[in-house]
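Here are some short exercises to help you find your way around a protein fold. Keep the viewer open and try each task before you read its solution.

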Amino acid sequence: MSSDLLGIDVPIIQAPMAGVQVSALAIAVSNAGGLGSLPCAMLSPEQMAKELEAVRAGTTKPYNVNFFCHVPPTPDAAREARWREQLAPFYRELGIDPQKIPAGPGRNPFSAEVAGVLEEFKPPIVSFHFGLPGSDLVARLKAWGAKVLGSATTVEEARWLEAHGADAIIAQGVEAGGHRGMFLTEDISTQLGTLALVPQVVRAVKVPVIAAGGIADAAGVAACMALGAQGVQIGTAYLCCPEATTSAVHRAALKGEGARHSALTNVFTGRPARGIVNRVMRELGAMRDDAPKFPLATSSLAPLRAAAEARGSGDFSPLWSGQNASGCAEIPAAELTRELAAEL
């Protein structure tokens with residue numbers, strides 16, 4: 001699958017990780033024969049065009065661009081006010097006036113405007129989290145030959161993605177760091193581990209399956225291929241590469257004892273995502289029914305994060321990580337990509 005569908009030399013896909021990387025990491029992985037990915041969910045159309053220019057200048061190999069396709073929620077002032085009451089002790093401790101907190105960085109869903117910017121670059125692979133965009137937008141991508149990937153966290157989601165035009169499915173086990181790709185359910189008890197999910201998805205769909213979640217070394221890659229996956233997507237292992245923009249606070253957490261303690265949490269963004277357990281997750285509780293809907297929860301925590309990080313603390317930072325941070329290495333991304341493919 002890797003060579004036929006995606007045009008890559010080794011079936012290693014670098015997971016798109018918004019907030020901790022831009023084009024440099026994607027370029028390095030693509031040039032090493034894997035599939036580098038550019039996360040675009042937090043970029044403006046202008047920023048996206050700039051990063052795509054960099055990718056185009058930096059590699060002639062295939063690359064992936066990634067987007068979210070959530071339905072933006074209606075802002076709820078009462079819910080936001082109640083949430084900020086929960087955060088009030090933290091605001092007082094760090095000297096933050098909650099009345100002066102601006103709206104947070106948005107995560108905009110894929111749109112016709114974004115497709116228009118992409119059309120100039122015609123990226124060969126486009127992947128989505130939280131389902132797929134409308135059929136008109138999927139058709140627009142395929143019109144220039146793009147392959148469309150989607151993330152499934154259940155067999156039902158995999159079947160839905162196949163029925164709605166996905167050319168390959170990323171089976172995202174619950175071990176994976178960052179946001180769960182779940183979109184047909186909000187029930188986290190449905191979220192299976194990679195070992196359980198991948199073979200079930202392989203049996204359920206006809207399109208190629210890419211395994212994701214908890215894969216950190218060449219043996220893990222080989223094991224997933226043995227389960228029927230035709231590629232693997234790896235994120236956490238790349239977080240300490242020099243090409244990543246991972247913060248010093250986040251890098252320290254990945255290398256510390258705390259990286260062995262991760263949990264799904266919705267307190268940072270409003271959607272379940274796996275990160276290293278820190279103070280705000282412990283004191284608020286990792287999953288909260290009263291958190292603002294995705295992505296509105298981001299703004300109320302942003303000033304706490306900034307104030308704590310200025311003091312060298314990750315107490316209020318989303319320290320995204322999968323369950324297996326053992327593969328995080330401070331080596332060039334190209335070298336890591338080759339190491340991951342060593343047993344194939």
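The exercises below work through a predicted model, each with its solution.

**Exercise 1. Find the order of the strands in the sheet of 8 strands, and say which strands are at its edges.**

Solution. Start by tracing the neighbours: the order is β1-β9-β8-β6-β5-β4-β3-β2, in an open sheet with parallel pairing. Next, look for strands that pair on one side only: these are β1 (12-14) and β2. Finally, follow the twist, which averages 25° from one strand to the next.

**Exercise 2. Work out how β3 is tied to its neighbours β2 and β4.**

Solution. Take β2 to begin with. This strand covers residues 36-39 and pairs with β3 in the parallel sense over 4 bridges. To check the register, find G36, which sits opposite Y63 in β3. Now turn to β4, residues 125-129, where the pairing with β3 is again parallel, over 5 bridges. Here N64 of β3 faces I125 in β4. You can go one strand further: β4 pairs with β5 (residues 147-152) in the parallel sense over 4 bridges, and F128 has G150 of β5 opposite.

**Exercise 3. Decide whether the two faces of β3 are covered or open.**

Solution. Go along the strand, residues 63-68, and check each residue against the cut-off for buried, under 20% relative accessible area. You should find 6 of its 6 residues buried. Then split them by side: Y63, V65 and F67 lie on one face, while N64, N66 and F68 lie on the other. Every one of these residues is buried, so both faces are covered.

**Exercise 4. Place α2 relative to the strands, and give the hand of the β-α-β unit.**

Solution. Follow the chain from β2 through α2 (residues 45-58) to β3, and you have traced a β-α-β unit that is right-handed. Now see where the helix rests: α2 packs on the sheet and touches β2 and β3. Its direction makes about 165° with that of β3. Angles over 145 degrees count as roughly antiparallel, so that is the word for α2 and β3.

**Exercise 5. Describe how α1 and α2 pack together.**

Solution. Two numbers are needed, because a pair of packed helices is described by the angle between the axes and the distance between them. The axes of α1 (residues 23-31) and α2 come within 9 Å and cross at roughly 25°. That angle makes α1 roughly parallel to α2. As for the hand, the crossing is right-handed. To see the contact itself, show S23, I27 and N31 in α1, which meet E51, A54, V55 and G58 in α2.

**Exercise 6. Find the strand that holds G231, then say how far G231 is from V10 in sequence and in space.**

Solution. G231 belongs to β9, residues 231-234. Its relative accessible area is 1%, so G231 is buried. Along the chain, G231 and V10 are 221 residues apart, yet their C-alpha atoms are 8.4 Å apart in space.

**Exercise 7. Sort out the sheet of 3 strands: which strands have a single partner?**

Solution. Read the order, β7-β11-β10, in an open sheet whose pairing is antiparallel. β7 (178-179) and β10 (262-265) stand at the edges with one partner strand each, so one side of each lacks a neighbour in the sheet. For a close look, take β10 and β11 (residues 273-276), joined by 4 bridges; A263 has G275 as its bridge partner in β11.

Definitions and conventions
Residues are numbered from 1 along each chain as its sequence is written. This is a predicted model: local features need pLDDT of at least 70, side-chain atom pairs count only at pLDDT 80 or more; totals for chains, interfaces and linings use all residues. Side-chain values use heavy atoms; hydrogens and water are left out. Buried means under 20% relative accessible area, exposed over 50%, partly exposed in between (1.4 Å probe, protein chains only). Two strands pair if DSSP finds at least two bridges between them. A crossover is right-handed if, with the strands pointing away from the viewer, the path from the first strand over the helix to the second runs clockwise. Axes are lines fitted to C-alpha atoms, for helices over the stretch in contact, and angles run from 0 to 180 degrees between N-to-C directions. Angles under 35 degrees count as roughly parallel, over 145 as roughly antiparallel, 65 to 115 as roughly perpendicular and the rest as oblique. A crossing is left-handed if the near helix is turned anticlockwise from the far one by less than a right angle, and right-handed if clockwise. Contact means heavy atoms within 4.5 Å.
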